[in-house]
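Work through the exercises below with the model open. Try each task before reading its solution.

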Amino acid sequence: MELLRANNLSKVYRTERGWLAAKVPSVQAVSQVNLSLAPGENLGLVGESGCGKSTLARLLMGLEKPSSGQVLYRNMEFTHWKQRQMQAIRGKVQMIFQNSLAAFNPLFTIEQIIDEPLRNYGWSNSQTRKSRVVETLERVGLGREYLSRLPHELSGGQLQRVGIARAIVLQPELVICDEPFSSLDMTLRKQMIDLLKELKQELGLAYIFITHDLSIVHRLCDSVAVMYQGEIIEKTSGEDLLMQAKHPYTRTLVASVPIQDPRQRDKYNHI
Ligand SMILES: Nc1ncnc2c1ncn2[C@@H]1O[C@H](COP(=O)(O)OP(=O)(O)O)[C@@H](O)[C@H]1O
Ligand SMILES: [Mg+2]
């Protein structure tokens, strides 16, 4: 069964209200997107800044309502669900953001940050919550000693680990990562990718991974969707994207990928 599906999903932002509205053009952030994701599938979503990736992510999360079209989670349409009904899906679909420091409450300890989804989700036993928090923290490579720290006391890489812990603490089926590692250096980025890969294997997670970095897509994703001006213009396997990109925009993206392994260079020489 499909995990997630988008049918003709569109989002138009009207930037002005009132008498100005007619004069200011609206923005079509997402345009007629169709997408299907299998359980455990890793989909890369690539495209230039402003092409609608984050908006699409928010629509798929149910954080925003589409102007038209539908989102289905395991064949259940939730586009027009009420807040309370959405709660059931919130536990199953989680998000990791680019800037964890901005996403966290600066006054919360790391324990409170990871505990928050559990509390929101109705876990009332504080003992059970605590052990789940510790277990999850250790799972992402941070020890108990971080429980009482505040976000500003952690490095960028450690904060992203907390972001991952918070996203997986409810054991979701899908994690949407919106350019999560773009502020990290190459070594940390590689560590995070390895961690996400391990979590995928252990928990059977599906990812939608939004990135500029096609080498990440190559390492982590089974398939790639290329977005351009609100539309998905190409969807293919990661390998095929590098080998035989069809759309001119995709070719430009592919041409800018650094090939790290010199033995692989010939393979991609034609691009
Ligand atoms: N809340 C909003 N109100 C008005 N316009 C928005 C809003 N969010 C995004 N947009 C516009 O929609 C387009 C897509 O933005 P976004 O989804 O953030 O792209 P990306 O994540 O690919 O950089 C951009 O033109 C952006 O300015
Ligand atoms: Mg974005």
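## Exercise 1: The surroundings of α6

The buried residues of α6 are covered by elements that include β6 (93–96), α3 (100–103), α4, α5, β7 (174–178) and α7 (186–203). The model is a predicted one.

**Task.** Find which residues of α6 are buried, and compare the reach of α6 with the expected value.

**Solution.**
- Step 1. Count the residues: α6 has 13.
- Step 2. Check the cover. Ten of the 13 residues are buried, so α6 is mostly covered.
- Step 3. Name the buried residues of α6. They are G157, L159, Q160, R161, V162, G163, I164, A165, A167 and I168.
- Step 4. Take the span from first C-alpha to last. For α6 it is 19 Å, close to the 18 Å expected at 1.5 Å a residue.

## Exercise 2: How α4 meets α5

**Task.** Describe how α4 and α5 pack: what is the angle, and how far apart are the axes?

**Solution.**
- Step 1. Locate the helices. α4 covers residues 110–120, and α5 covers residues 126–139.
- Step 2. Read the geometry. The angle is about 120°, and the axes lie 10 Å apart.
- Step 3. Classify the angle. Roughly perpendicular ends at 115 degrees, and roughly antiparallel begins over 145. α4 and α5 are therefore oblique to each other.
- Step 4. Give the hand: the crossing of α4 and α5 is right-handed.
- Step 5. List the residues that make the contact. α4 supplies I110, E111, I114, D115, L118 and R119. α5 supplies R129, K130, R132, V133 and L137.
- Step 6. Sort the residues of this contact by type. Five are nonpolar, six are charged and none is polar.

## Exercise 3: The buried side of α5

**Task.** State which residues of α5 are buried and what they pack against.

**Solution.**
- Step 1. Take the length. α5 has 14 residues and reaches 20 Å from its first C-alpha to its last, close to the expected 20 Å.
- Step 2. Pick out the buried residues of α5: R129, R132, V133, V134, T136 and L137.
- Step 3. Look at the spacing. An α-helix has 3.6 residues a turn, so residues three or four places apart point the same way.
- Step 4. Find the partners. The buried residues of α5 pack against α4 and α6 (156–168).

## Exercise 4: A loop residue beside two helices

**Task.** Is L147 buried or exposed, and which residues does L147 touch?

**Solution.**
- Step 1. Place L147. It sits in the loop between α5 and α6.
- Step 2. Apply the cut-off: buried means under 20% relative accessible area. L147 has 8% relative accessibility, so it counts as buried.
- Step 3. Leave out residues up to four places away in sequence. L147 then touches T109, I110, E111, K130, V133, V134 and L137.
- Step 4. Check one distance. The C-alpha atoms of L147 and Q112 are 8.1 Å apart, although 35 residues separate them along the chain.

## Exercise 5: Two residues with positive phi

**Task.** What are the phi values of Q32 and N75, and where do these residues lie?

**Solution.**
- Step 1. Recall the background. Most residues other than glycine have a negative phi.
- Step 2. Take Q32. Its phi is positive, about 50°, and it is not a glycine. Q32 lies in strand β2 (residues 27–37). Its relative accessibility is 47%, so Q32 counts as partly exposed.
- Step 3. Take N75. Its phi is near 70°, again positive in a residue other than glycine. N75 lies in the loop between β4 (68–73) and β5 (76–77). At 53% relative accessibility, N75 counts as exposed.

## Exercise 6: T211 and W81

**Task.** Which class of accessibility do T211 and W81 fall into, and what does each touch?

**Solution.**
- Step 1. T211 belongs to strand β8 (residues 206–211). Its relative accessibility is 6%, so T211 counts as buried.
- Step 2. Beyond four places in sequence, T211 is in contact with L45, V46, G47, E179, I216 and V217.
- Step 3. W81 is in the loop between β5 and α2 (83–90). At 22% relative accessibility, W81 counts as partly exposed.
- Step 4. Not counting residues up to four places away, W81 touches K65, M76, M86 and I89. The C-alpha atoms of W81 and K65 are separated by 9.8 Å.

How values were computed: Residues numbered from 1 in each chain as written. Chains lettered and ligands numbered in written order. Predicted model: local features only at pLDDT ≥ 70, side-chain atom pairs only at ≥ 80, totals over all residues. Heavy atoms only, no water. Axes fitted to C-alpha atoms, helices over the stretch in contact; angles between N-to-C directions. Helix = DSSP H or I, 4+ residues; strand = E, 2+ residues; numbered from the N terminus. Parallel < 35°, antiparallel > 145°, perpendicular 65-115°, else oblique. Left-handed = near helix turned anticlockwise from the far one by under 90°. Contact = heavy atoms within 4.5 Å. Nonpolar A, V, L, I, M, F, W, Y, C, P; charged D, E, K, R; others polar. Expected span 1.5 Å × (residues − 1). Buried < 20%, exposed > 50% of the residue type's maximum accessible area, 1.4 Å probe, protein only.
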